[in-house]
Amino acid sequence: MAILIKNIKELVQVEEIPRLKVEGKDMSILKTIKDAWLLIENGTITDFGKMAKFPVDFESNSRQIEIIDSTNRMVFPSFCDSHTHLVYAGSREIEYTDKIKGLSYEEIAKRGGGILNSARLIHESTEEELIQQALLRLNEIMWLGTGAVEIKSGYGLTVEDELKMLRVINKLKDLSPVTIIPTFLGAHAVPADYKDRQDEFVDLVINEMIPRVAVDDLADYIDVFCDKGFFSVEETDRILLTGMKYGLRPKIHANELGYSGGIQVGVKYNALSVDHLEYTGDAEIECLLHSETMPTVLPGAAFFLGMVYSPVRKMIDAGLPIAMASDFNPGSSPSGNMQLVLSMACINYRMLPAEAIHAVTINGAYAMGLSCTHGSIAKGKTANVFITKPISSLEFMPYAYGSNKVETVILGGKVMNH
Ligand code: NIG
Ligand code: FE
């Protein structure tokens with residue numbers, strides 16, 4: 001089945017020659033076609049152009065082709081959310097109140113709350129329960145425009161529960177039309193029974209978890225929470241080295257709580273991305289400039305935890321690319337709304353709308369290893385796109401924060417039904 005979208009007010013993020021990522025000054029240049037059409041065949045974007053050169057013969061052949069009239073509406077490539085923890089059990093709004101009263105993220109974690117709280121709930125849940133909860137979240141983000149999402153383990157913290165989480169993430173691939181990328185995050189927090197024996201827990205991750213994850217081919221990437229109060233640079237170094245031996249490229253949590261050295265150790269092992277980056281100085285920027293690593297910022301977590309904001313303007317002006325992701329998780333960012341991320345990118349990080357759109361599409365795709373197939377409107381790419389409600393301009397997308405501007409979702413070339 002083919003789909004022809006016609007009378008598109010503006011077709012956004014068009015690429016004649018697809019790029020893997022967009023960096024520095026180029027981030028402010030966003031190619032669009034006004035008054036456009038887009039052709040989708042067999043799940044793939046096959047052609048597009050201006051209405052002035054509309055392929056009328058398609059319309060006469062309308063039995064084989066579904067025609068969608070998008071007058072006053074824009075078409076975007078679906079959002080690529082490269083960092084989430086959306087497989088989790090229950091929720092943690094109790095900690096929310098503690099946070100409002102003044103407790104920090106680290107203090108809550110030290111009291112056995114935080115990640116350990118989610119680990120207990122994961123342990124008590126069946127795979128089926130986890131799948132059902134995660135499907136609701138996947139469905140929600142799909143209708144907000146997300147077409148590809150990375151999901152991490154990390155609330156298991158035992159061999160069996162980490163494998164359980166990864167099995168769930170892999171099963172979701174068959175159950176959701178959203179493209180899903182699984183990441184193994186065994187070193188997310190030290191479980192209570194390893195308190196004062198952190199090195200033994202690191203050994204468990206290295207000697208037991210990583211080999212099992214690799215044998216069952218359950219993850220594409222490996223993550224470590226390399227930060228103050230969690231895992232050190234030395235521990236991260238050991239874990240990443242082993243992960244890489246098993247073919248797992250790093251994508252790590254770094255520099256959220258301090259100048260942890262996480263960015264440097266990530267770059268050392270050619271991480272696909274380093275994420276959070278609230279504490280990024282000149283040395284970290286310099287290190288990233290000579291790398292293939294995508295600096296990824298998570299505006300929802302910084303907003304929700306009231307943290308300092310990552311120096312994104314400085315990073316782009318230095319020539320770096322930036323990806324932005326939701327960090328959807330129950331502790332630091334209980335929202336997977338990439339439209340909100342887009343607004344925060346502009347308001348809190350002073351990104352131009354064009355820069356922010358690159359950050360949530362093509363650069364997010366890069367940070368999942370998906371930029372050959374996702375993240376822009378280019379011939380041959382997977383037809384993951386959304387059609388907006390009638391909107392006045394592309395700047396309206398970040399400007400009108402808090403409301404859903406997505407009207408029609410097309411994933412893998414299929415129109416999604418409510
Ligand atoms: O990305 N920073 C570490 N991990 C998650 C939070 C996980 C949690 O609190 O449950 C994050 O923010
Ligand atoms: Fe995270």
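A polar contact is a pair of N or O atoms within 3.5 Å. The legends below describe close-up views of a predicted model.

**View 1. Polar contacts of Tyr155, His188 and His85 with ligand 1.** In this view, a polar side-chain atom of Tyr155 lies 2.6 Å from an oxygen atom of ligand 1; this distance falls within 3.5 Å, so the pair counts as a polar contact. For His188, a polar side-chain atom is found 2.8 Å from a nitrogen atom of the ligand. His85 places a polar side-chain atom 3.3 Å from an oxygen atom of ligand 1. The protein buries 100% of the 330 Å² that ligand 1 exposes when taken alone.

**View 2. The surroundings of ligand 1.** Ligand 1 occupies the largest cavity. Around the ligand are 15 residues, of which Arg92, Tyr105, Tyr155, His188 and Ser332 come nearest. The shell consists of four nonpolar, eight polar and three charged residues.

**View 3. The salt bridge between Lys171 and Glu127.** The closest N and O atoms of Lys171 and Glu127 are 2.8 Å apart, and the two residues form a salt bridge. This pair connects distant parts of the chain: Lys171 belongs to helix 6 (residues 159-175) and Glu127 to helix 5 (residues 127-143), with their positions 44 residues apart in numbering. Across the whole structure, a search finds 19 salt bridges.

Note on methods: Residues are numbered from 1 along each chain as its sequence is written. Chains are lettered from A and ligands numbered from 1 in the order in which they are written. This is a predicted model: local features need pLDDT of at least 70, side-chain atom pairs count only at pLDDT 80 or more; totals for chains, interfaces and linings use all residues. Side-chain values use heavy atoms; hydrogens and water are left out. A residue is near a molecule or strand if one of its heavy atoms lies within 4 Å of it. A polar contact is a pair of N or O atoms within 3.5 Å; within protein, one must be able to donate a hydrogen and the other to accept it, and residues adjacent in sequence count only if both atoms are side-chain atoms. Accessible areas come from the Shrake-Rupley method with a 1.4 Å probe; for residues, only the protein chains shown count as cover. On a 1 Å grid over the protein atoms alone, a cavity is a set of points where a 1.4 Å probe fits but cannot get out, and a pocket is an open set with protein on both sides within 12 Å along at least five of seven lines; lining residues have an atom within 4 Å of a point. A molecule sits in a cavity or pocket if more than half of its atoms lie within 2 Å of its grid points. Ala, Val, Leu, Ile, Met, Phe, Trp, Tyr, Cys and Pro count as nonpolar, Asp, Glu, Lys and Arg as charged, and the others, Gly among them, as polar. A salt bridge is a side-chain nitrogen of Lys or Arg within 4 Å of a carboxyl oxygen of Asp or Glu. Helices (H or I, at least four residues) and strands (E, at least two) are DSSP runs, numbered from the N terminus.
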